[in-house]
Amino acid sequence: MNEHAAHTYRQQQVNTATPAKMVFMLYEKILSRLQEVQNAIERKDIQARCNANCNVQELLAHLSNTLDMAQGGEIAENLERLYSHCLVRLMDVDRHNDPEAAAEVSMLLTPLRDAWAELAEKSEGELRQAVVSAQQGQQVQNAASPPKASAAPDSENVTPPKSGLSISA
């Protein structure tokens with residue numbers, strides 16, 4: 001697969017993802033980049049380590065900045081503290097070329113990634129179920145309605161097009 005096609009595919013995944021899936025994808029990217037950090041330290045590739053570590057810090061800052069402290073309450077506060085701790089540990093990666101700090105951050109974030117994966121799978125399953133239920137309901141409604149003799153649509157039975165489904169995660 002060429003690079004342009006891969007980029008288009010990844011972009012499509014992001015554009016069609018549920019909110020839970022997007023958070024899961026962020027954690028996936030963070031953990032992948034943390035592995036790159038550790039591999040770069042082993043290879044003694046300072047530039048690769050720095051690039052990957054900066055990317056992880058940017059992604060964590062994004063997660064932290066998008067926390068809804070008003071609605072998130074204690075959970076949001078705990079996540080903010082966790083993200084802050086992770087950012088401090090990532091500074092140790094750069095200051096001391098410390099693979100253990102990167103491993104610690106990976107260990108702390110892996111359970112969160114796993115929880116978001118489960119939530120994303122569940123929310124996607126619920127979305128599919130809602131679509132199937134809506135389709136089945138439409139089929140039942142169509143089967144129960146007597147056929148119209150007129151070619152003109154009945155204004156009562158015309159359903160406006162839906163702009164999309166919205167599911168809160």
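Which handedness, left-handed or right-handed, does the crossing of H2 and H3 have? In this predicted model, local features require pLDDT of at least 70 and side-chain atom pairs count only at pLDDT 80 or more, whereas totals for chains, interfaces and linings use all residues. Residues are numbered from 1 along each chain as its sequence is written, and side-chain values use heavy atoms, with hydrogens and water left out.

The crossing of H2 and H3 is left-handed (the near helix is turned anticlockwise from the far one by less than a right angle). Helix H2 (residues 19–43) packs against helix H3 (residues 46–65) at an angle of about 155°, and their axes lie 8 Å apart. H2 is therefore roughly antiparallel to H3, a term applied to angles over 145 degrees. Residues in contact (heavy atoms within 4.5 Å) include Leu 26, Ile 30 and Val 37 in H2 and Ala 52, Val 56 and Leu 59 in H3. The residues of this contact comprise 13 nonpolar, four polar and five charged.

Nine salt bridges (a side-chain nitrogen of Lys or Arg within 4 Å of a carboxyl oxygen of Asp or Glu) are present in the structure. One network of salt bridges links Arg 89, Asp 92, Arg 95, Asp 98 and Glu 104. Within it, the closest N and O atoms of Arg 89 and Glu 104 are 2.7 Å apart; Arg 89 lies in helix H4 (residues 69–96) and Glu 104 in helix H5 (residues 99–144). Arg 89 is buried (under 20% relative accessible area, 1.4 Å probe, protein chains only) at 17%, while Glu 104, at 23%, is partly exposed (between the buried limit of 20% and the exposed limit of 50%).

Methods
Axes are lines fitted to C-alpha atoms, for helices over the stretch in contact, and angles run from 0 to 180 degrees between N-to-C directions. Helices (H or I, at least four residues) and strands (E, at least two) are DSSP runs, numbered from the N terminus. Angles under 35 degrees count as roughly parallel, over 145 as roughly antiparallel, 65 to 115 as roughly perpendicular and the rest as oblique. Ala, Val, Leu, Ile, Met, Phe, Trp, Tyr, Cys and Pro count as nonpolar, Asp, Glu, Lys and Arg as charged, and the others, Gly among them, as polar.
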